[in-house]
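Visitor: I would like a close look at one part of this model. Please take me through it step by step.

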Amino acid sequence: MQGTSILWADDEIEFLKPHIIFLKEKGYEITTVTNGTDALDTFKGTRFDLVFLDENMPGMTGLETLAEIKNINPDIPIVLITKNEEEYLMEDAIGSKIDDYLIKPVNPRQLLLSIKKLTENKRLVSEKTSMAYQQDFRNLGMTLNDNLNFSEWVDIYKKLVYWELSLEKLEDAGMHEILTMQKAEANVQFSKFIEKNYLSWIKTPEDAPVMSHKLLKERLFPALNSEEPTFFILIDNLRYDQWKTINSVITEYFHMQEEETYYSILPTATQYARNAIFSGLLPIDMEKRFPQMWQNDEDEGGKNLFEEQFLADQIKRSLRKDIKFSYNKILTYEQGKDISENFNNLMNNDLNVIVYNFVDMLSHARTDMAMIRELANDEAAYRSITLSWFIHSPLLELLKKLAQKKVKVVVTTDHGTIRVKHPSKLIGDRNTNTNLRYKQGKNLNFIARDVFHVKNPSDAALPRLHVSSSFVFAKEDTYFVYPNNYNHFVNFYNETFQHGGISLEEIIVPYITYIPR
């Protein structure tokens, strides 16, 4: 690239004149020296974009010069050029954080490739990625108008996430804006798809995707193996894109055996979706089977206090045999440390269920705490803060230990979240629940185009609180506000991450199986 300045240190620099002429003709500025000491003096006085170092120079060696230059500017890309092909030297170079390694005799094209890789990589990747997305944009747009089935919607969502993560690294606001619009259009069509099909899935489950209440029976239980324990780790509120972000860390220690997704039930809220996972039942059936344990929205107390009992009952019903299992819910850092430090106690179980509540706490903290709100101000920041938590969490400590054992690990969630942007006015009585993405109550007054209205809750396998109760689910990125508190609600909740309603991000969630490397 024009303006790229290169320092080249080699005691035989006069023999490299053809290479230097070639690079200058390509627009690169080349400054040459013949030893490490001169390289350091020149580097201190001039700004360079890249350094070529001969490994075997009189006086300071290439590696010694490398160390000194890195002390001055640790971010400068350095290429070591050597005649020596010994493995120990390559390891020393890598350990010294060399950026590239070329074996003499080098040809000009090798040098050019190394320069482009180290100085123009970001630009080239940006241009290529933008071009590839522009080509795919039209295909995605046309596909969204097709009559897609639930598997095809998974493919659409995965592709959108792929482009979101790819474009995230680029400084191209235009591409980001186009993708944001395409995701919004996808959620419009997906909401229509759910509105059209959800009740029939409940009525005829054989035509439905795997959903929360079928997850353990259809995915987990058939894969249990008496020869190795299975660790089922449910990270509450983990979106597919957040999983993709932490997956790069997990796969340092594990092979990903299978990547799957499933559909969360409605409401995409913890008390419904997670209880359905562990009970193997839809909410209306949970209320009937466990009248003392099931909590409706207007009931006092915690809504997820009996997951272990629900799990034990489902194991007994579905497996028709006793297995050794454990259940642990992690609400604090200390509880996570305790599980990690005492994980050997779990190795004799067939199944170990661990529920991690961190991501849910983060999403609510983002709503309630100004500092978190600043840190996680968009999807990219939300992914970043999730990754930061994971890297420093006891959960990663536990996974590292499990990677040394013969185990199977499943990572999943109960539902995702969406960043809400459009307030929708709703009126309900004082017993109407407080969730911003779904409401149940009597005589609800709402804007019809913004919701999926289930007049008869039993059609969606939901308990009916009162004779005239109904449910409404917010579609796309809307959220419910009360007219008498409109400005307060908008100022407080706009652009926050919420769940309970209908969106790709909330409903299509990951179910990933890993085995140790």
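At what angle do helix α7 and helix α8 pack, and how far apart are their axes?

Guide: Keep in mind that this is a predicted model. Two packed helices are described by the angle between their axes and the distance between the axes. Start with the angle. Helix α7 covers residues 150-168, and helix α8 covers residues 173-203. They pack at about 160°. Their axes lie 11 Å apart. Angles over 145 degrees count as roughly antiparallel. So α7 and α8 are roughly antiparallel to each other. The crossing of α7 past α8 is left-handed.

Now the residues. On the α7 side, the contact is made by Phe150, Trp153, Leu160, Trp163, Glu164, Leu167 and Glu168. On the α8 side, the list begins with Met175, His176, Leu179, Gln182 and Lys183. It goes on with Ala186, Gln189, Phe190, Phe193 and Trp201. Sorted by class, this contact has 11 nonpolar, 3 polar and 3 charged residues.

A second helix pair can be set beside this one. Helix α14 (residues 333-341) packs with helix α18 (residues 394-402) at an angle of about 10°. The axes of α14 and α18 are 8 Å apart. Under 35 degrees counts as roughly parallel, so α14 is roughly parallel to α18. From α14, the residues in contact are Tyr333, Gly336, Lys337, Ile339, Ser340 and Glu341. From α18, they are Pro394, Glu397, Leu398 and Lys401. The class count for α14 with α18 is 4 nonpolar, 2 polar and 4 charged.

Next, a loop residue. Asn357 sits in the loop between β9 (351-356) and α15 (358-368). Its relative accessibility is 12%, so Asn357 counts as buried; the cut-off is under 20%. The side chains of Asn357 and Arg274 are joined by a polar contact of 3.3 Å. Leaving out residues up to four places away in sequence, Asn357 touches Asp236, Arg274, Lys329, Ile330 and Leu331.

Last, a helix residue. Ala380 belongs to helix α17, residues 379-391. With a relative accessible area of 26%, Ala380 is partly exposed. Ala380 and Pro291 are 89 residues apart in sequence. In space, the C-alpha to C-alpha distance between Ala380 and Pro291 is 42 Å.

To return to your question: α7 and α8 pack at about 160°, with axes 11 Å apart.

Methods. Residues numbered from 1 in each chain as written. Predicted model: local features only at pLDDT ≥ 70, side-chain atom pairs only at ≥ 80, totals over all residues. Heavy atoms only, no water. Axes fitted to C-alpha atoms, helices over the stretch in contact; angles between N-to-C directions. Helix = DSSP H or I, 4+ residues; strand = E, 2+ residues; numbered from the N terminus. Parallel < 35°, antiparallel > 145°, perpendicular 65-115°, else oblique. Left-handed = near helix turned anticlockwise from the far one by under 90°. Contact = heavy atoms within 4.5 Å. Nonpolar A, V, L, I, M, F, W, Y, C, P; charged D, E, K, R; others polar. Buried < 20%, exposed > 50% of the residue type's maximum accessible area, 1.4 Å probe, protein only. Polar contact = N/O pair within 3.5 Å; in protein donor to acceptor, adjacent residues only side chain to side chain.
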